[in-house]
Amino acid sequence: MNLRVLFIVFVLVVSCKQEDKIKAVSSNIEKEQVVEPKLNVEEYNFTAFEKFLNREDDKIYVINFWATWCAPCIKELPHFEKINETYKNKSVEVLLVSLDFPKQYEKKLIPFIEKHQLKSKVVALNDPDSNAWIPKVSEEWSGALPATVIYNKDKRAFYEQSFSYEELKAEVDKFIK
């Protein structure tokens, strides 16, 4: 009789351990199947991107050209984010145009956007013929970063410089009626 009870206890213990293993494996499978949505950055050649430079509605557009490898660009990005937040109800739209290399989107650009929780729209400009498109952005642009265009349907200004928040706010304020 004791042997039978011992056998039953043994079977119960083994089956419980197997059940725990099954639960652990199934839990791991569920975790693996839950995939966080990956941030996707829209990529444009200049012809497709040009529409962002020539809108004629009632908004003010602040377009900043930057890259993750550009230290002055990174330093001023929080100022653009603050402008985006502060002026969102005043018809101001901030667009951050990354000039990162396409092979760096997955390893550098997207992780940077996620880490810094950028709220402004970010697009990537991938057009190797920069000698052709830089003067179309502005004749004044040497191609150096950072660079910013602020415009509305009535006027346009170009800046090849880094901004403090106060400087950027003062320039945006010039466009607000």
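Q: Which strands are the edge strands of the open sheet?
A: In this predicted model, 6 strands form an open sheet with mixed pairing, in the order β1-β4-β3-β2-β5-β6. The twist from one strand to the next averages 25 degrees. An edge strand pairs on one side only, and the strands that do so are β1 (42–44) and β6 (156–159).

Q: In which sense do β3 and β4 pair, parallel or antiparallel?
A: Strands of a sheet pair through backbone hydrogen bonds, in either of two senses. Strand β3 covers residues 92–98 and strand β4 covers residues 121–125. Ser98 stands opposite Ala124 in β4. Over 4 bridges, the sense in which β3 and β4 pair is parallel.

Q: What angle does the direction of helix α4 make with that of β4?
A: Helix α4, residues 105–116, packs on the sheet. The strands touched by α4 are β1, β2 (60–66), β3 and β4. With the direction of β4, that of α4 makes an angle of about 160 degrees.

Q: How are α3 and α6 oriented to each other?
A: Helix α3 (residues 71–86) and helix α6 (residues 165–173) pack with their axes 9 Å apart, at an angle of about 45 degrees. The crossing of the two helices is right-handed. Angles under 35 degrees would count as roughly parallel and those of 65 to 115 as roughly perpendicular; α3 and α6 are therefore oblique.

Q: How many residues of the contact of α3 with α6 are nonpolar?
A: From α3, the contact is made by His79, Phe80, Lys82, Ile83 and Thr86. From α6, Tyr165, Leu168, Lys169 and Val172 take part. Of these residues, 2 are polar and 2 charged, and the number of nonpolar ones is 5.

Note on methods:
Residues are numbered from 1 along each chain as its sequence is written. This is a predicted model: local features need pLDDT of at least 70, side-chain atom pairs count only at pLDDT 80 or more; totals for chains, interfaces and linings use all residues. Side-chain values use heavy atoms; hydrogens and water are left out. Axes are lines fitted to C-alpha atoms, for helices over the stretch in contact, and angles run from 0 to 180 degrees between N-to-C directions. Angles under 35 degrees count as roughly parallel, over 145 as roughly antiparallel, 65 to 115 as roughly perpendicular and the rest as oblique. A crossing is left-handed if the near helix is turned anticlockwise from the far one by less than a right angle, and right-handed if clockwise. Contact means heavy atoms within 4.5 Å. Ala, Val, Leu, Ile, Met, Phe, Trp, Tyr, Cys and Pro count as nonpolar, Asp, Glu, Lys and Arg as charged, and the others, Gly among them, as polar. Two strands pair if DSSP finds at least two bridges between them.
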